[in-house]
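Please take me through this structure in an orderly way, starting from the surroundings of the ligand and ending with the protein as a whole.

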Amino acid sequence: MIVIDNVVRDGAVADVNSDDPRVRGVRAVVDVIAKSPELDATALQTVGEKGWDGLIVVRSMPIGGSLSIRARDERDVRKIVGWVPDAAALYLFSGPRMTWPLTVQQMQDMVAIRGSTPYAVVTVSDDLVGHFDLTIDGTIARLGRVIVSPALRGQGLPADVVDLAFAQARRLGADAVHLNVIAANVPALRTYWRAGFATTEGDTDRADVIAMERRLSLPCPCPQHDLRFSVSEFIKMACECAEHPTCSLRVAAPKALHCDSVE
Ligand SMILES: CC(C)(COP(=O)(O)OP(=O)(O)OC[C@H]1O[C@@H](n2cnc3c(N)ncnc32)[C@H](O)[C@@H]1OP(=O)(O)O)[C@@H](O)C(=O)NCCC(=O)NCCS
């Protein structure tokens, strides 16, 4: 919890044109709080012997929906190594690429060899709750090493972790996310299906591996709606689908959507 004092200043904070640096500072802080989904706040006005002023009480929201990512550091890696209890769990986590016992060095070598960027998924208090890495190949982001703290499994966190991976992949210019998952890893498979992944051909001939793909939609540009697609993005995607021989939009899309004129 954060408490910020002196935030009313005889009502001057309501004056958008004030050039008092203290008022402008308070207004800037309030803006930051309002834009931070992980923060919830209340302002209280107080009148007493010290005049008319007030305070803001800020609290962080419960875990899930308030997670964010940051660059992974060595302390995170140590924790993640401790989340993998045995060789079987390691195989589900990373396939044959790493060998038991898992070490910090192997985790670090992995990203260096593959050119991946690893991310720590953290709460507002910077507690590590999950991890993933992304490897960008053109407009495809390969998602790997997805893991959630064992203490927090079964609470719906993987959906948030995967959403953060999607958002980061978009920021890096990807329009699709690919991954490989061990077929026996039911919690992982269900997590990915739920997140909109579909099986795809992939680039592996290992029989125990399922390749999956998730196309990334653009968020609706309208701030008032939570639509997954903007209309223009949907039309563009449908026209791309129309090029694919097996796509169900193939027949209807080009004519109905005037694909010839879609850039
Ligand atoms: C994969 C992982 C992130 C999923 O997180 P989680 O918190 O365990 O996932 P959930 O508890 O939400 O389970 C996901 C789904 O699998 C189901 N599930 C979980 N354990 C299961 C089991 N043993 N058998 C069958 N279904 C199971 C859940 O019921 C849930 O189903 P739903 O989507 O229909 O509700 C987590 O298990 C993990 O970190 N595993 C170790 C690392 C790993 O294997 N990573 C995957 C690399 S590809």
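In this predicted model, the shell around the ligand draws at least two residues from each of helix 3 (87–94), strand 7 (140–148), helix 5 (157–171) and helix 6 (186–194). Helix 6 provides the largest share, with six residues. Altogether 18 residues surround the ligand, and the closest of them are Arg153, Gly154, Pro187, Ala188 and Arg190. By character, eleven residues of this shell are nonpolar, four are polar and three are charged.

Since helix 6 supplies the largest share of the shell, the discussion turns to that helix. Ala188, Thr191 and Tyr192 are the residues to consider here, for they are buried in helix 6. Around the axis they cover an arc of only 95 degrees, and therefore they lie on the same side of helix 6. The general geometry of such an element is relevant here: with 3.6 residues a turn in an α-helix, residues three or four places apart point the same way. The other side of helix 6 carries Val186, Arg190, Trp193 and Arg194, which are exposed. Ala188 is thus buried, whereas Arg190 is exposed, although both are listed among the residues closest to the ligand. As for what the buried residues of helix 6 pack against, their partners are strand 7, helix 5, strand 8 (176–182) and strand 10 (209–215). After helix 6 comes Gly196, which has a positive phi, near 95 degrees.

Strands 7, 8 and 10, against which the buried residues of helix 6 pack, belong to an open sheet of seven strands, arranged in the order 4-5-6-7-8-10-9 with mixed pairing. At the edges stand strand 4 (68–71) and strand 9 (198–199), and because each has a single partner strand, one side of each is left without a neighbour in the sheet. Helix 5, which also contributes to the ligand shell, packs on this sheet and touches strand 4, strand 5, strand 6, strand 7 and strand 8, while its direction makes about 35 degrees with that of strand 6. Within the sheet, strand 5 (residues 117–122) pairs with strand 6 (residues 128–137) in the antiparallel sense, over six bridges; Thr117 has Leu134, in strand 6, as its bridge partner.

Turning to the whole protein, there are eight helices and ten strands. Of its 263 residues, 21% are buried. Among contacts with a separation of 6 or more, 50% are between residues 24 or more positions apart.

Key:
Residues are numbered from 1 along each chain as its sequence is written. This is a predicted model: local features need pLDDT of at least 70, side-chain atom pairs count only at pLDDT 80 or more; totals for chains, interfaces and linings use all residues. A residue is near a molecule or strand if its C-beta atom, placed from the backbone, lies within 6 Å of it. Helices (H or I, at least four residues) and strands (E, at least two) are DSSP runs, numbered from the N terminus. Ala, Val, Leu, Ile, Met, Phe, Trp, Tyr, Cys and Pro count as nonpolar, Asp, Glu, Lys and Arg as charged, and the others, Gly among them, as polar. A residue is buried if 20 or more other C-beta atoms lie within 10 Å of its own, exposed if 12 or fewer, and partly exposed in between; C-beta atoms are placed from the backbone. The arc is that of the directions from the helix axis to the C-beta atoms. Two residues are in contact if their C-beta atoms, placed from the backbone, lie within 7 Å. Two strands pair if DSSP finds at least two bridges between them. Axes are lines fitted to C-alpha atoms, for helices over the stretch in contact, and angles run from 0 to 180 degrees between N-to-C directions.
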